[in-house]
Amino acid sequence: MNVISADEVKRFIISHLSDALRENNVASAEIADDFDLMKQGVIDSIGLIQLVSAIEEHFNLEEVDFEEMDTEELTLIGPLSTYIAGRAKRKSA
Amino acid sequence: MKRLLKRLRRYVRGTKNRILQHLARFMPGALTFRVWCHRMRGMKIGKGVWLGYDLILETEYPERVSLGNNVEINMRTTLIAHFHGIPIQSKGPGEEHISIKIEDDVFVGPGVIILPNVIVGRGAAIAAGSVVTKNIPPMTLVQGNPAVPVAKCGIPLAGPGDYKEFLKKLKPYKP
């Protein structure tokens, strides 16, 4: 069974993007759920796809699709983590 | 005399092509005037094509470039359709002379370089600064030098579509 919490996903995202966050002078502890990774210049389209790949590999998930996610929340760290954790839970059920 | 006339014709044609190229580089009119200039140079261009600022679209042989419908090419991109007599690989019947073929709904980011004998498949997207050296499959996002596939696109990025919607439908490329 592959149960992942949103917090775990968020922690992984922060550690995966640690260099980019540092370059943008963002302290990991300050990252709220509504932190927009794209608006803050932490990732671009390629960065997003690399992040999704890394999440899939790290949590051993098969192709996460974002069809049911609100488009506006796609790059917000909190909703993104919650969505991925939810997908993982659904697949393991 | 015949040879002189031939050279003169070639010179006049080359001058006309370069003047039109320069006008298209700097004048406004991404959907209109710039497209018209390149069509006048002999380039095959479909409908709804958007050409950004300061593009260099094959200086010597513009007729070797074909752009499909709704193609978007962003600023400072360069298309090179010939190089030291390298033969053109036919792109199909009626397109034997085409060296670079960009199919419908392709998005070309800023500062991209596309080299000769390349087909960019329908709905593909090329990330900024990439160097395209070989064919790109349809609905594929490529990046880098040389450009390699990084994702499959669910919808094209070119045209009026929403950027976040495009991002949402990207899937990591798994060869």
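**Getting to know chains A and B**

User: Which exposed residues sit on the face of α1(A) turned away from its buried side?
Analyst: Helices (H or I, at least four residues) and strands (E, at least two) are DSSP runs, numbered from the N terminus. A residue is exposed if 12 or fewer other C-beta atoms, placed from the backbone, lie within 10 Å of its own, buried if there are 20 or more, and partly exposed in between. On the face of α1(A) turned away from the buried side, the exposed residues are A:Asp7 and A:Ser15.

User: What kind of model is this, and how are its parts labelled?
Analyst: Residues are numbered from 1 along each chain as its sequence is written, while chains are lettered from A and ligands numbered from 1 in the order in which they are written. Local features need pLDDT of at least 70, side-chain atom pairs count only at pLDDT 80 or more, and totals for chains, interfaces and linings use all residues, since this is a predicted model.

User: Why do the buried residues of α1(A) share a side?
Analyst: Helix α1 of chain A spans residues 6-16, and its buried residues are A:Ala6, A:Val9, A:Lys10 and A:Ile13. They lie on the same side of α1(A) because the arc they cover around the axis, judged by the directions from that axis to the C-beta atoms, is only 100 degrees.

User: How many residues of chain B are in contact with chain A?
Analyst: Two residues are in contact if their C-beta atoms, placed from the backbone, lie within 7 Å. By that rule, 13 residues of chain A meet chain B, where the number in contact is 12.

User: Which strands are at the edges of the open sheet in chain B?
Analyst: Strands pair if DSSP finds at least two bridges between them. This sheet of 4 strands is parallel, in the order β3-β6-β9-β12. The strands pairing on one side only are β3 (56-57) and β12 (131-132).

User: Which residue of β9(B) does B:Leu79 stand opposite?
Analyst: Strands β6 (residues 78-79) and β9 (residues 113-114) of chain B pair in the parallel sense over 2 bridges. Facing B:Leu79 from β9(B) is B:Ile114.

User: What is the radius of gyration of chain B?
Analyst: This value is taken over C-alpha atoms, and the globule rule is 2.2 Å times the number of residues to the power 0.38. For 175 residues, a compact globule would come near 16 Å, which agrees with chain B at 17 Å.
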